[in-house]
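These are my notebook entries on a structure that I had not examined before. I set down what I looked up, one topic at a time.

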Amino acid sequence: MRWMVREVAQVVRTAAVCAMVLVALTMCAGVNLAPAFADEIELEAEGNLINPQQLPDSSFIYDTSIQDLSTADAYYDNQTVQVTGEAIGDAIYATFDQEFSWITLSTEGDNATLAVFMSNEAASRIDTFGRYQTRGTILQVRGIYHLACPEHEGVSDLHADVVTVVDPGEHFEAPFDMQKFFPGLITVAIGLVITVLFYIIRERQR
């Protein structure tokens, strides 16, 4: 019985020592955690609070293409976009405001076009409009895109805020290539021969 009492006493002393060590570690951990708790309080100070009801900021620019805008949905509506394209056709003065013009932008390699509403001062930077044997001025335009503009009878357009000339227009003289006329000349010659044969056959039948 005595050895059992000694064993129990030894277990109690060991448990007491472990408890004292745990208490000491807890106190040390509490001292080290104090600065972290202070940092958390600083993050919650005025100016750093997170407002879950804040609306998303749409002021950044979507650098996109005319092709994308030609098939755009409501995602691009009323967003600030930036596109690069060739000025084609002609400048058309706005009927309701003579200080603005309509310019059509296009990109090489596809048929997508974009109507751009810009000031006459910005439109005057266009030195050439694209047409046959002519590449129009390449413009970079930044502004607000409207999928269905309420000011212009619901058309899809881009209201330009910044217009920059990327590359001036250029006129190309297509070299004369006689080989391109050979198919046409051969067709005309065959038509003349058939006409003469038809005339001869008709005269013999009289």
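Entry 1, contacts and overall make-up. I began with the contacts in the chain that have a separation of 6 or more, and found that residues 24 or more positions apart account for 50% of them. I note here that the model is a predicted one. I then looked up the secondary structure, which comes to 4 helices and 8 strands. Along the sequence I read the pattern α-β-α-β-β-β-α-β-β-β-β-α. The chain has 206 residues, of which 23% count as buried. For the surface I recorded an exposed area of about 15500 Å², with 62% of it supplied by carbon and sulfur atoms.

Entry 2, the core. Which residues have the most contacts inside the largest nonpolar core? I found L105, M118 and V141, in a core of 24 residues. I next looked up which elements supply at least two residues of this core each: among the strands are β2 (79-93), β3 (100-106), β4 (113-119), β6 (138-146) and β7 (157-167), and the helices α2 (66-70) and α3 (120-123) do so as well. I followed V141 further, leaving aside its neighbours within four places in sequence. V141 is in contact with V81, Q82 and V83, with L105 and V116, and with L158, A160, V162 and V163.

Entry 3, salt bridges. I recalled that side chains of opposite charge can pair when their charged atoms come close. How many salt bridges does the structure hold? I noted 3.

In one of them, the side chains of D90 and R131 meet, at 3.4 Å from N to O. D90 belongs to strand β2 and R131 to the loop between α3 and β5, so this pair ties together parts that are 41 residues apart in sequence. I recorded D90 as exposed, because its relative accessible area of 51% is over the 50% cut-off. R131 has 48% and is partly exposed.

I also looked up D167 and R135, whose side chains meet in a salt bridge of 3.0 Å, N to O. This pair links distant parts of the chain, since D167 is in strand β7 and R135 in strand β5, 32 residues apart. Both partners are partly exposed: D167 has a relative accessible area of 32%, and R135 has 22%.

R125 forms a salt bridge with E121, and their closest N and O atoms are 3.1 Å apart. I entered R125 as partly exposed at 36%, and E121 as partly exposed at 47%.

Entry 4, S124. Where does S124 lie? I located S124 in the loop between α3 and β5 (134-135). Is S124 buried or exposed? S124 counts as exposed, because its relative accessibility is 55%. I found that the side chain of S124 reaches the backbone oxygen of E121 at 2.5 Å; E121 is also the salt-bridge partner of R125. I then compared positions along the chain: S124 and A91 are 33 residues apart, and their C-alpha atoms are separated by 9.3 Å.

Entry 5, a surface patch. I looked up which residues form a nonpolar patch on the surface, and listed M178, F181, F182, L185, I186, I190 and I194. Together they have about 690 Å² of accessible area. M178 lies in the loop between β8 (170-171) and α4 (182-204). I recorded M178 as partly exposed, at 40% relative accessibility.

Conventions:
Residues numbered from 1 in each chain as written. Predicted model: local features only at pLDDT ≥ 70, side-chain atom pairs only at ≥ 80, totals over all residues. Heavy atoms only, no water. Core = buried A, V, L, I, M, F, W, Y, C linked by side-chain atoms within 4.5 Å. Buried < 20%, exposed > 50% of the residue type's maximum accessible area, 1.4 Å probe, protein only. Contact = heavy atoms within 4.5 Å. Polar contact = N/O pair within 3.5 Å; in protein donor to acceptor, adjacent residues only side chain to side chain. Salt bridge = Lys/Arg side-chain N within 4 Å of Asp/Glu carboxyl O. Patch = residues over 30% accessible without salt bridge, like charges linked within 9 Å, V, L, I, M, F, W, Y side chains within 5 Å. Areas by Shrake-Rupley, 256 points an atom, 1.4 Å probe, with all protein chains shown as cover.
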